[in-house]
Amino acid sequence: MPSGRVHLLIGAAAVALVVFVFPKMVSIEAFLTVPIFLIYTLLPDIDIPTSSISAHARKFFLVAALMGAVADYFFPNLYVLLFAIVAGVVIVAMTFATHRRFFHSLLAGPLLAAPLIYVGWVWFFSGVLGYYLHLLADGEFFSGGLSS
Ligand SMILES: [Zn+2]
C-alpha cells in the first residue's frame, strides 16, 4: 500500500505523462483541475484515521456541515440542507468505515466526485480519474476494493 506521498507522486507523474503525450489537451480548465485530480488520488485513504487526507477531510466536512446547518437556518434551502446532511454522513462514514472496503471501491469514485458535476464535467472526470489511479496504485482497481 503506497503512502500518500507516493500516491501524489504517481498522480503528478500521470499529469506529466498526459501533458507530454497529449499536449493539445492542455487547456486552462484542464490545468485548473490538476489540484482536484491530485486530491482525489489521496481520497480513497480517507478511511485510514492516521492518513493526512483523513485529518483534512474530517475538518473540511465538519466545517461544511456546520456552515450548511447555519446557512440553512438563516436562508432555508433544500440544497444547502442536503449539503449539510451529506457532509455529516461522510463524517459518520469515515468514523465507522473499514479500510479498503467502500472507499476503495469503483462505486465510491463517481459518488464522491459527483458534487464536481456542478462545477463542470471536466472536473468530475478529473476527480474520478484521480480516484481510480489510487485504486490502480493500490492494486485494488480490478477487484473493486473487495479483494481483502
Ligand atoms: Zn489506498
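A nonpolar core is a set of buried Ala, Val, Leu, Ile, Met, Phe, Trp, Tyr and Cys residues joined through C-beta atoms within 7 Å. In this predicted model, the largest such core has 17 residues. Tyr-40, Leu-43, Ala-113 and Tyr-131 have the most contacts inside it. Helices α3, α6 and α7 are the elements that give two or more residues to this core. Helix α7 gives the most, with six residues.

**Helix α7**

Helix α7 covers residues 121–138. Its 18 residues should span 26 Å at 1.5 Å a residue, and its end C-alpha atoms are 26 Å apart, so expectation and model agree. The buried residues here are Trp-123, Ser-126, Gly-127, Val-128, Leu-129, Gly-130, Tyr-131, Leu-133, His-134 and Leu-135. Their cover includes α1, α3 and α6, the last of these at 108–113. Gly-139 follows α7. The phi of Gly-139 is positive, near 75°.

**Tyr-131 in the core**

Tyr-131 is found in helix α7. Why is Tyr-131 counted as buried? It has 26 other C-beta atoms within 10 Å, and the cut-off for a buried residue is 20 or more. Leaving out residues up to four places away in sequence, Tyr-131 touches Tyr-40, Leu-43, Pro-44, Gly-109, Leu-112 and Ala-113. Three of the names in this neighbourhood, Tyr-40, Leu-43 and Ala-113, are listed with Tyr-131 as having the most contacts inside the core. Tyr-131 and Thr-41 are 90 residues apart in sequence, yet their C-alpha atoms are 5.0 Å apart in space.

**Two helix pairs**

Two packed helices are described by the angle between their axes and the distance between the axes. Helix α3 (residues 34–42) takes part in both pairs below.

| Pair | Angle between axes | Axis distance | Crossing | Contact residues by class |
|---|---|---|---|---|
| α1 and α3 | about 140° | 9 Å | right-handed | seven nonpolar, four polar, no charged |
| α3 and α7 | roughly 35° | within 7 Å | right-handed | eight nonpolar, five polar, no charged |

Take α3 with α7, whose axes come within 7 Å. On the α3 side, the contact uses Ile-36, Phe-37, Leu-38, Tyr-40 and Thr-41. On the α7 side stand Trp-123, Ser-126, Gly-127, Leu-129, Gly-130, Tyr-131, Leu-133 and His-134.

Now take α1 (residues 4–21) with α3, where the axes lie 9 Å apart. Helix α1 contributes Gly-4, His-7, Leu-8, Ile-10, Gly-11 and Val-15. Helix α3 contributes Val-34, Phe-37, Leu-38, Thr-41 and Leu-42. No charged residue takes part in the contact of α1 with α3, and none in that of α3 with α7.

What do the buried residues of α3 pack against? They pack against α1, α4, α6 and α7. The residues concerned are Phe-37, Tyr-40, Thr-41 and Leu-42. Of these, Phe-37 and Thr-41 appear in the contact with α1, and Phe-37 and Thr-41 appear in the contact with α7.

**Ile-10, from the α1 side**

Ile-10 is found in helix α1. With 17 C-beta neighbours inside 10 Å, Ile-10 counts as partly exposed, because that class lies between 12 or fewer for exposed and 20 or more for buried. Residues up to four places away in sequence aside, Ile-10 touches Thr-41, Leu-133 and Ala-137. Ile-10 and Leu-43 are 33 residues apart in sequence. Their C-alpha atoms are 14 Å apart in space.

**Helix α4 and the loop after it**

Helix α4 (residues 52–74) has 23 residues. From its first C-alpha to its last, α4 reaches 33 Å, close to the 33 Å expected at 1.5 Å a residue. The buried residues of α4 are Ile-53, Ser-54, Phe-61 and Gly-68. What covers them includes α1, α3 and α5 (78–96).

Asn-77 lies in the loop between α4 and α5. Is Asn-77 buried or exposed? With 12 C-beta neighbours inside 10 Å, Asn-77 counts as exposed, since the cut-off for that class is 12 or fewer. Asn-77 and Pro-110 are 33 residues apart in sequence and 25 Å apart in space, C-alpha to C-alpha.

How values were computed: Residues numbered from 1 in each chain as written. Predicted model: local features only at pLDDT ≥ 70, side-chain atom pairs only at ≥ 80, totals over all residues. Axes fitted to C-alpha atoms, helices over the stretch in contact; angles between N-to-C directions. Left-handed = near helix turned anticlockwise from the far one by under 90°. Contact = placed C-beta atoms within 7 Å. Nonpolar A, V, L, I, M, F, W, Y, C, P; charged D, E, K, R; others polar. Expected span 1.5 Å × (residues − 1).
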